[in-house]
Amino acid sequence: MSTRDLGGVVVAAALPYRADDTAPAGLAVDYDTYAEHCRWLVDNGCRGVGPNGSLGEYSSLTDDERRRVARTAIEAVGSDGIVVVGVHGPGAHQARYWAEAAAEDGAHGVLCLPPTLYRANRGEVLAHFEAVASAGLPVMVYNNPFDTKVDLTPDLLAEIAQIDNVVAVKEFSGDVRRVLEIRERAPGLAVIGGADDVVLESLLMGATGWFAGFPNVFPAESARLFELATAGKLDEARALYEPLVAAFRWDSRTEFVQAIKLGMDMVGRRGGPCRPPRGPLSEAQREQVRADMARALAALGVA
């Protein structure tokens, strides 16, 4: 793969905190643990990491923290993987600022939502991505119509794909029928699976990457799943995938960050708490995550 190809398993790396009364919400970013986690993901077969995504709680960070998180990931991965930095922002000027910072810091690409606090129209969406792409890095646009209320439909993606430096789309609509339609309408645009609980279906329909959540918990097994799916080894891929899907479904729920962090805690990684607005899981949610994770870990021979 070239560095302009943002495919493979790129993990939206979860962000650890440590207690600190002087930090926002009493939680300071633990940069050393984050660096070790990014390194662990790449060492266990993932192609790279994606700092400052939703799972990385970018919207709860100060500007200084956000820049340092990206730099920490870039330094930790080094030449052994790719780093695709989240540059989401309310407007094109903010998103472009973060894209320019990512380019200065040595990122391989950026991931970008449409405007995050405004239901942008078609022209505004195009202008937003043109501004981000002007920073010069390969751009993976991110379709998350649930959070942004803006749906990057296949016909709109065909227009977005004409922008120089736009190379991929992270598709999170959950509609796997779109994978083929995007490939038909925008054949030069790589489709990246964005939702863990439809990743196998997406890969079988021609997605060439997985921008992933639960590989924070089991990266080696996730990399193996990607390899089996892209090699067309369907029986082996299904056998690995099916017991994981109950856990993977949390990736498409409101509390996905908390659920993935709990999964990390269960396997001895540092998940821990989240900053507001994300609060703790309810006891019922915790029990369900634990049950879904236990099934996955048992199938993987971890528990």
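Begin by selecting L180, L204, M205 and L234, which together make a nonpolar surface patch of about 300 Å². The model in the viewer is predicted. Within this patch, L180 belongs to helix α7, residues 177–185. L180 counts as partly exposed because its relative accessibility is 38%, and the partly exposed class lies between the 20% and 50% limits.

**The barrel**

Next, display the strands as a cartoon. A barrel is closed by 8 strands, and its order is β1-β4-β5-β6-β7-β8-β9-β10. The pairing in this barrel is parallel. Strands of a sheet pair through backbone hydrogen bonds, in either a parallel or an antiparallel manner. To examine one such pairing, restrict the view to β7 and β8, which run parallel and are joined by 5 bridges. V139 can then be selected together with V166 of β8, the residue it stands opposite.

**Y142 and its surroundings**

Now turn to the aromatic rings; across the whole structure, 8 aromatic pairs are found. One of them joins Y142 and F172 in an edge-to-face arrangement, with 6.4 Å from centre to centre and 90° between the planes. Y142 is in strand β7 (residues 139–143), whereas F172 is in the loop between β8 (166–171) and α7, so this pair ties together parts that are 30 residues apart in sequence. Both Y142 and F172 are buried.

Keep Y142 selected and add K170. The face of the Y142 ring has K170 lying over it, at 4.2 Å from the ring centre.

**The F214 and F248 pair**

Select F214 and F248 for another aromatic pair. The F214 and F248 rings are tilted, with 35° between the planes and 5.9 Å from centre to centre. F214 is in the loop between β10 (209–212) and α9 (219–230), and F248 is in helix α11 (residues 245–248); the pair therefore ties together parts that are 34 residues apart in sequence.

Is F214 buried or exposed? F214 counts as buried because its relative accessibility is 1%. F248 is likewise buried, at a relative accessible area of 0%.

Extend the selection to W210, F218 and Y241. Together with F214 and F248, these residues form a cluster linked by ring pairs.

**A final stop at W40**

Finally, select W40 and R269. Here R269 lies over the face of W40, at 3.8 Å from the ring centre.

Terms used:
Residues numbered from 1 in each chain as written. Predicted model: local features only at pLDDT ≥ 70, side-chain atom pairs only at ≥ 80, totals over all residues. Heavy atoms only, no water. Patch = residues over 30% accessible without salt bridge, like charges linked within 9 Å, V, L, I, M, F, W, Y side chains within 5 Å. Areas by Shrake-Rupley, 256 points an atom, 1.4 Å probe, with all protein chains shown as cover. Salt bridge = Lys/Arg side-chain N within 4 Å of Asp/Glu carboxyl O. Helix = DSSP H or I, 4+ residues; strand = E, 2+ residues; numbered from the N terminus. Buried < 20%, exposed > 50% of the residue type's maximum accessible area, 1.4 Å probe, protein only. Phe/Tyr/Trp six-rings, centres within 6.5 Å; stacked < 30°, edge-to-face > 60°. Lys NZ or Arg CZ within 6 Å of the ring centre and 35° of its normal. Pairing = 2+ DSSP bridges.
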